[in-house]
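The following exercises concern helix packing and burial in a protein model. Each task is followed by a worked solution.

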Amino acid sequence: MQRRAPLEGVRVADFTWVVAGPVATRILADQGAEVIKIERKIEGADALGPRRTGLQGDINRSKRSVAINMATAQGVELARRLVAKSDIVIDNFSARVMKQWGMDYESLTRVKSDIICISMSGFGHSGPRANYVSYGPTLQALAGFTLMMASRRGEPAGYGYSYADMAGGYSGALAALFALWHRKKTGRGQFIDLSQFESLAAVIGPALLDSSVNERSQSPQATSMPEGPAAPHGVYRCRSLAEDDDRWLALSVRTHSEWRAFVNAIGSPAWAVEPKFASLFLRMRNRTELDAHVERWTRAHDAVKAMELLQRHGVAAGLVANGADLCARNPQLEARGFWMPVTLPDGSALRVTGVPFRLSDAPLPKARCTPDVGDDNDYVLGEVLGLTRGERDALAAAGAIWQ
Amino acid sequence: MSALAGLRVLDLTDRRAALCGKLFADMGADVILVEPPDGADSRRIGPFLDDRPHRDRSLFFWNYNLNKRSLTLDLSHERGIELLRSLAGSADVVIESFAPGYMERVGLGWADLHRLNPSLVLCSISPFGQSGPWRDYKADDLVLTALGGMIYVNGFPEEAPVRPLGLQAYHSGAYYGAIATMCALLARERDGVGQWVDVSILEATASAVEHVAPSYMSDGVVQQRRGSLHWTRYFRVGRCRDGYVMHCTLGDWTSLVEWVAGDGAAQELTGPQWEEVTYRKERAERLFDILDQWVRPYFRDELLARAQALRIPYASVQAPEELLDDEQLLSRRFFFEVEHPELGRKLRYPGAPYMFSATAGKVYRRPPLLGEHTGEILRDELGLSPDELAALSVQGVI
């Protein structure tokens, strides 16, 4: 049997932009869906950064792009014709935008009765903040991440990036797949109202339950061991690597056998066999002293070598990877072929984020370089919508498309 | 009808992947949590109800196991494996998070299960995946966030990296596990056969970091920690009189500067060059230092109310518990009450981040007590008699 990608034959009309929406459609594109970005062509530098490389290149690879001007009636009509030939319509605008274009779910069911529409707005389509503008960092601040992710001095730091967009992205892709399943079973499409804010609230459940049930305020200390007590546990500074003194090891020791393995691995120093560290209870009680001992050891060791030594003894340890460790020095990701190569138009090679799972009976995902805005006009307008060259020229002259 | 009505999932996972099955259960699948006779490991993880540790009082367990049924089965016992194989014969999905190789050793490997039920999808979620030199490495969520690049860039430059709130390596693995499983199920509807899904939590974690890999891969830049300054340089935390706010310099610059200038705090920001977004980006540290001085005398809610009125996307830096009273979440009924008859209490749970128009019928079942559904599952699904159930119980299999 010829193996085919799971989503081959599924077409997605993709109105998303910035990050969260494109992450969702990246996941669908990697599994074989034909994702067509409907985009504006803006002269001059793109505020989102370079198009084919960096973050935008990473999250928009393997998609197609058609340049349609949604500010014109003819542009909207073209988009509706594309919807008629699509399975899924997805956007991450605030609630009012698609409606203004007449592209809301109700209207689109008249174009295609079993269409699946997914809106990934910041706050959802209902409620007092339905039309608020939001960004990943503002959502993370609202959802409790920024305050709880504090330095040891208690200063809020939060994420250095927008996890909100990644969580919104994987939630959006999953919702699309649930809806495809439902359509396969019932023949019916539907509208999915996803809130990126709620995508964050949905991944801090234990803290929210603790507050709602035990009526407790959360603090950075209280949320620092979400997987239960462990000691030693945390990140410990390691020896410098050449000029780089920002090297750290993450370490977690829970069970008695893990503690014994840890003590063995570091050569059974005298402090480690003292009675005050003999049980998890005592190690938790004497954590400050324990951490000082552990960090004295890690400071004398290279983070990678310490990780390998501890792992040989069965201890959960891993270096705190920076960009180079992650992308250029991770033998596990290399061995599994995680990073995917794409070829840029100038012939140079770039590696992009891969797919975090393998399917035993599907072809390995391959990535295509991110298209520039309108690169696939010929394919989308010509092959998919069947417009002649003359019709397209007329639409361009009328300002409905950019060629 | 719920979106996944009729789908049967056997959930053999521990805490590392417990969220995956819940994503299916929340959409109406029948998810059977298969626990060892002394309970899933997550029942021993806090917080606990009223801070009293007990396997039927773990809020951690409840969070991840709402809407599932519980079946106890001893998989170190031959009869336990046989019963599981029988259940797998009629299931759509098995999710597991054992150490790689364990399932094969006990006769539940992909080859065995596929022979038994060719349409079954097996989803294996492990820290590093089923292959590669780190396959047998040990890891918890902290170690995976570290290795996956999720924490190096969080925190202040001279201090230790800061881990996320919540188990976000596990959660990324669980979401990608559910995504992969749905892909395999959709392919099964077309091709007629199931597949083995191999999810690496390390890879899922690396996929859930925004800028670290693209910056390195495209520009050779190793991104650093910058305190609360977001890598795009448009956001930083500022301190008010009674709390923190998230500054945002995207949005309507003119309104913001007029306001700041009206308070006599604008310094050089009234210059026309600051209207340029990229100019603001390049001078972000100076810009936020000025804005920090400006917000200091304000009360947080007073500042945010005015920002909202001007459509300036500032946000409150809230504590998680503030979400319980958040008017947006309340309006959308994000939280819902679950009755716990065994406690005589109703508890308030967080919900799912999406509303499906055609499949509103959520059937919510409180998290199961240990082994609560063992009898009904073995009786109804496998036709075991009361005597047989009693014998299994005496043998310690269930």
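The exercises below refer to the structure shown, which is a predicted model.

**Exercise 1.** Determine how the axes of helices α10 and α12 of chain B are arranged and which residues meet between them.

*Solution.* Step 1: identify the elements. Helix α10(B) covers residues 253–262 and helix α12(B) covers residues 284–295.

Step 2: compare the axes. They come within 11 Å and cross at roughly 50°. Because this angle is neither under 35 degrees nor over 145, and lies outside 65 to 115, α10(B) is oblique to α12(B).

Step 3: assign the hand. The crossing of α10(B) past α12(B) is left-handed.

Step 4: list the contacts. From α10(B) come W253(B), L256(B), W259(B) and V260(B), and these meet L287(B), L291(B) and W294(B) of α12(B). By class, the residues of this contact comprise 7 nonpolar, no polar and no charged.

**Exercise 2.** Establish which residues of helix α3 of chain B are buried and where they lie around its axis.

*Solution.* Step 1: list the buried residues. In α3(B), residues 78–88, these are G80(B), I81(B), L83(B), L84(B), L87(B) and A88(B).

Step 2: view the helix down its axis. The buried residues of α3(B) fall within an arc of 160°, so they line one face of the helix.

Step 3: relate this to helix geometry. Residues three or four places apart point the same way because an α-helix has 3.6 residues a turn.

**Exercise 3.** Describe the overall make-up of chain A.

*Solution.* Step 1: count the elements. Chain A contains 18 helices and 12 strands.

Step 2: state the extent and burial. The C-alpha trace of chain A spans about 85 × 55 × 50 Å along its principal axes, and 63% of its 403 residues are buried.

Methods. Residues numbered from 1 in each chain as written. Chains lettered and ligands numbered in written order. Predicted model: local features only at pLDDT ≥ 70, side-chain atom pairs only at ≥ 80, totals over all residues. Heavy atoms only, no water. Axes fitted to C-alpha atoms, helices over the stretch in contact; angles between N-to-C directions. Helix = DSSP H or I, 4+ residues; strand = E, 2+ residues; numbered from the N terminus. Left-handed = near helix turned anticlockwise from the far one by under 90°. Contact = heavy atoms within 4.5 Å. Nonpolar A, V, L, I, M, F, W, Y, C, P; charged D, E, K, R; others polar. Buried < 20%, exposed > 50% of the residue type's maximum accessible area, 1.4 Å probe, protein only. Arc of directions from axis to C-beta.
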